[in-house]
Amino acid sequence: KSENFITKFAKYYTPIVVIIAVVLAVFPPLLIKGELFLDWLYRALSFLVVSCPCALVISIPLSFFGGIGGASKIGVLIKGSNYLEALSKVETVVFDKTGTLTKGVFEVQKIEAVGISESELLKFAAYSEHYSNHPISKSIKVAFNEEIEEKQIIKTEELSGRGIFAQIGEKEVLVGNEKLMKEKGINFSECTDVGTILYLGIDGKYAGYILIADSIKEDSANTINQLKKNGIKKTVMLTGDRKNIGESVATKLGLDEVYAELLPDGKVEKVESLLKQKSEQGKLAFVGDGINDAPVLAMSDIGIAMGALGADSAIEAADIVIMTDEPSKIVSSIKLSKKTMKIVKENIVFAIFIKVAVLVLTAFGLSTMWEAVFADVGVSIIAILNALRMLNVKSK
């Protein structure tokens with residue numbers, strides 16, 4: 001918007017000052033007795049030099065380029081100056097949990113088998129999750145730690161937001177959350193431990209569960225704290241995990257709101273609701289990393305993806321990509337965007353003030369071509385040097 005303002009400003013400003021310069025050169029010698037045409041022509045030419053909008057047209061985009069360049073130095077890819085500008089107006093930040101606020105590195109903590117051995121239960125889970133790249137799937141395969149015979153895997157089907165159905169040999173296996181068990185009519189014993197619970201059903205019968213725990217990233221709590229100090233009004237977490245897990249993480253991090261047990265469409269509905277709650281000028285940023293986050297990243301005012309662990313679809317849909325997967329870089333990016341907008345405003349005010357002042361002096365014959373050159377080239381150089389301050393940024 002700042003660049004568009006300057007472009008529109010220059011569109012009307014330039015012809016106006018050219019007309020004024022022509023009037024300044026022609027009419028005073030004709031209307032005022034004793035005035036020389038060459039004197040007024042000199043004033044008019046000086047007036048034209050001063051009026052050139054180079055300082056504005058060059059320095060404003062350059063400020064944004066500097067901001068984008070400064071962000072890249074700290075490992076943040078911003079896909080356009082419009083997103084950098086919008087970032088300065090963020091008042092609500094919505095987070096995904098797994099891989100965003102938590103490490104996404106899961107470990108099997110407990111195996112509870114019913115009717116079969118624990119090793120068999122783990123084997124069926126590992127075979128079912130073999131083709132999945134989800135962090136939970138990887139943790140199961142790491143715990144199984146044996147070679148998987150792919151010929152035994154007849155069929156696998158991902159059930160969005162619920163789990164996986166697989167045919168392993170002659171066995172039909174369901175691996176997923178309690179919603180999947182209830183949907184398939186399998187009677188199961190609900191686990192109350194804090195963590196991600198994978199329930200298994202084999203041939204329509206409950207076979208036990210696997211408890212998997214994730215850990216919070218080291219800088220997540222500080223990120224939430226710093227966001228609030230930097231003017232963010234609301235921090236929210238959306239997760240497909242159980243309510244007790246979501247609330248546990250939210251309490252540890254100091255988040256304002258948490259919504260758990262959400263399917264992908266549930267995340268979309270929550271973000272739509274949060275978009276309606278923000279102020280007219282305020283912006284909402286969503287931070288995520290998974291395939292299921294892509295629709296929410298696309299519909300948010302600003303979509304921020306975790307680049308290292310994030311799915312390709314999430315990175316493609318996002319407006320900003322954090323290449324190091326550190327949530328604290330969100331704070332750095334917001335600070336950088338506010339600094340960029342401050343420099344943009346400084347350049348606009350400085351350039352217009354100097355130009356107007358010298359234009360008035362030139363019109364009354366109180367300045368020479370030297371002042372005119374300073375008001376044009378000198379102001380442009382100063383504005384450009386000010387814009388280059390954006391490259392001097394720190395990661396924290």
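Me: Which residues point one way from β12 and which the other way, and are they buried or exposed?

Reply: In this predicted model, I302, I304 and M306 point one way from β12, while G303 and A305 point the other way, and all are buried, where buried means under 20% relative accessible area, exposed over 50% and partly exposed in between, with a 1.4 Å probe and protein chains only. Residues are numbered from 1 along each chain as its sequence is written, local features need pLDDT of at least 70, side-chain atom pairs count only at pLDDT 80 or more, and totals for chains, interfaces and linings use all residues. Side-chain values use heavy atoms, with hydrogens and water left out.

Me: What makes strand β12 mostly covered?

Reply: Of the 5 residues in β12 (residues 302-306), 5 are buried. A strand here is a DSSP run of E with at least two residues, a helix is a run of H or I with at least four, and both are numbered from the N terminus.

Me: How do you know that β11 and β12 pair?

Reply: Two strands pair if DSSP finds at least two bridges between them, and 4 bridges join β11 (residues 283-288) to β12, the two running parallel, so the definition is met. One of the partners is A285, which is bridged to I302 in β12.

Me: What makes β12 and β13 a pair as well?

Reply: β12 and β13 (residues 320-322) are joined in the parallel sense over 3 bridges, and because at least two are required, they count as paired. In this pairing, I304 stands opposite I320 in β13.
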